[in-house]
Amino acid sequence: MPFNIDTILLKSFIAAAEARSFSEAARLVGRSQSAFSLQIQRVEDMLGCQLFDRGNKQIRLNQKGKQFLAFAKKTLE
C-alpha cells in the first residue's frame, strides 16, 4: 500500500473487523460510536473503497476489507 496511515486508524479498523460491530469496536478502543464511524470512513476514503458490508446490527468484511485486514495486521506487527 503506497500511503501512510495512522496506526490508530489501523487499530480501529482491526477492532471493527474482529468485533463485527462498530458500537462494540468503539467501546473497545474508547471512542464514541460517531467518532469511531468517522475513523472507519476516513480509512475507506483513503483507500477509495468500502471495506465492510453493513447490516442492521452487524458488519462483515468484504473482499477488499479482508485484504486490508491482512495488511493492517502485518503493518502493526
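The protein carries 12 positive and 7 negative side chains, and the centres of these two sets lie 3 Å apart. These values, like those that follow, refer to a predicted model. The accessible surface of the protein amounts to about 4,900 Å², and carbon and sulfur atoms contribute 48% of that area.

The protein contains four helices and two strands. Read from the N terminus, the order of the elements is α-α-α-β-β-α. Along the principal axes, the C-alpha atoms occupy a box of roughly 30 × 25 × 20 Å. The radius of gyration is 11 Å, which agrees with the value near 11 Å that a compact globule of 77 residues would have. Of the 77 residues, 36% count as buried. Among contacts in the protein with a separation of 6 or more, 54% are made by residues 24 or more positions apart.

Helix α1 covers residues 7-19. Because a helix rises by 1.5 Å a residue, the 13 residues of α1 should span 18 Å, and the end C-alpha atoms of α1 are indeed 18 Å apart. The buried residues of α1 are L9, L10, S12, F13, I14, A15, A16 and A17. In an α-helix there are 3.6 residues a turn, so residues three or four places apart point the same way. The buried residues of α1 pack against three helices, namely α2 (22-29), α3 (33-47) and α4 (63-76), and against the strands β1 (52-54) and β2 (59-61).

Two residues of α1 were examined individually. S12 is located in helix α1. Its relative accessibility is 2%, and S12 therefore counts as buried, the cut-off being under 20%. With neighbours within four places in sequence left aside, S12 is in contact with V29, F36, Q39 and I40. I8 is also located in helix α1. At 40% relative accessibility, I8 falls between the limits of 20% and 50% and so counts as partly exposed. When residues up to four places away in sequence are not counted, I8 touches R31 and Q39. Q39 thus appears in the contact lists of both S12 and I8. The C-alpha atoms of I8 and A70, which are 62 residues apart along the chain, are separated by 16 Å.

The loop between α1 and α2 includes R20. The phi angle of R20 is near 60°, a positive value in a residue other than glycine. R20 has a relative accessibility of 38% and for that reason counts as partly exposed.

A further loop residue, L51, lies between α3 and β1. L51 has a relative accessible area of 1% and is therefore buried. Residues up to four places away in sequence aside, L51 touches F13, V43, E44, R60, L61, N62, K64, G65 and F68. One of these partners, F13, is listed among the buried residues of α1. Another partner is F68, and the C-alpha atoms of L51 and F68 are separated by 7.9 Å, with their positions 17 residues apart along the chain counted as the distance apart.

Note on methods. Residues numbered from 1 in each chain as written. Predicted model: local features only at pLDDT ≥ 70, side-chain atom pairs only at ≥ 80, totals over all residues. Heavy atoms only, no water. Rg over C-alpha atoms; globule rule 2.2 N^0.38 Å. Buried < 20%, exposed > 50% of the residue type's maximum accessible area, 1.4 Å probe, protein only. Contact = heavy atoms within 4.5 Å. Areas by Shrake-Rupley, 256 points an atom, 1.4 Å probe, with all protein chains shown as cover. Lys, Arg positive; Asp, Glu negative; His and termini not counted. Charge placed at Lys NZ, Arg CZ, Asp CG, Glu CD. Expected span 1.5 Å × (residues − 1).
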